[in-house]
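User: I should like a close look at a single part of this structure, with its surroundings explained step by step. Please keep to one connected account.

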Amino acid sequence: MHAVMKITLTKTFILRCFLVSLFLSLPFIFLYLLFPQQQPFHNPVTNKDLRIRPGYSSYETYIQRQLNKTLNPRLRKIWTTRDWDRKIPVFARFFEELKEKKLLQNTSKALCIGARVGQEVEALRRIGVLDSMGMDLVPYPPLVVKGDFHNQPFNNDTFDFEFSNVFDHALYPERFVAEIERTLKPEGVCVLHVALSRRADKYSANDLYSIQPLVELFNHSALVHVRSVDGFGLDTEVAFRKNGGTRHHRF
């Protein structure tokens, strides 16, 4: 009889412990469901036409190297003075030509990825695309907000148009593209300026040797435009239109 009571008390104690533990865990379960954790990045994709540069021991090491360029006082002074007046008219001409091809409209909500001090954003606004903003690791108000292009701080289906000339700085190109396709609206357009068949600057994280890897990475979009450009060391403009009705969620 004593043994039976002991077993019963033990079961009751275990059940109470389980219920208390479950009760205490409920807030954490709720938070996890409400704000799912981002999955770790996969190993970078590398093939003969898209090669990831070695030398990054961690993602933090990669980010610090990018910040070394973005926060360089000498470069930031150049970007906001000499380069400001030199580059904005060129970017404006690129964007005007995209408007002529019906890939950009004055009513487009536009994002410039890796915009540094916002030269591209200023160019868009000067040609009438007023709802434009930039994103970079270091903000530059009011034109550029803080954000990592591997994990854009925007909701799904936010933008009609996204532009970037920093694809070569992506350590995870597949993630870079996936975030563009996630934040573009269905039928939205992404335009990239890239360098083909030659190394970009020393801060680049990848080297691209043809547009085929881009076509494969944009697997929810259609290639709509390719042309040669003289884009401050970048030689090729590639445009994609996101498939209609295609929606994405965060990883």
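Analyst: In this predicted model, Asp148 is found in the loop that runs between β4 (144–146) and β5 (159–164). Although Asp148 is buried, it forms no salt bridge. The nearest side chain of opposite charge belongs to Arg175, 8.0 Å away, whereas a salt bridge requires the charged atoms to lie within 4 Å.

What joins the side chain of Asp148 to that of Tyr59? The link is a polar contact of 2.6 Å. Tyr59 also appears among the residues that Asp148 touches, together with Ile63, Met135 and Leu137, when residues up to four places away in sequence are not counted.

The account now turns to the nonpolar interior. The largest nonpolar core has 34 residues, and those touching the most other members are Phe149, Phe167, Phe176, Ile180, Leu192, Val194 and Leu214. Elements that give two or more residues to this core include α2 (59–70), β3 (132–136), α6 (173–183) and β6 (184–194). Leu214 may serve as an example: beyond four places in sequence, its contacts are Phe167, Leu192, Val194, Leu208, Val238 and Phe240. Another core lies apart from this one; it has 29 residues, among them Trp79, Leu103, Ala110 and Ala123.

Finally, the cysteines deserve a remark. A disulfide is a covalent bond between the sulfur atoms of two cysteines. The structure holds zero disulfides. Cys112 is counted as buried because its relative accessible area is 0%, under the 20% limit. Cys190 is likewise buried, with a relative accessible area of 1%.

Terms used
Residues numbered from 1 in each chain as written. Predicted model: local features only at pLDDT ≥ 70, side-chain atom pairs only at ≥ 80, totals over all residues. Heavy atoms only, no water. Helix = DSSP H or I, 4+ residues; strand = E, 2+ residues; numbered from the N terminus. Buried < 20%, exposed > 50% of the residue type's maximum accessible area, 1.4 Å probe, protein only. Lys, Arg positive; Asp, Glu negative; His and termini not counted. Polar contact = N/O pair within 3.5 Å; in protein donor to acceptor, adjacent residues only side chain to side chain. Contact = heavy atoms within 4.5 Å. Disulfide = S-S within 2.5 Å. Core = buried A, V, L, I, M, F, W, Y, C linked by side-chain atoms within 4.5 Å.
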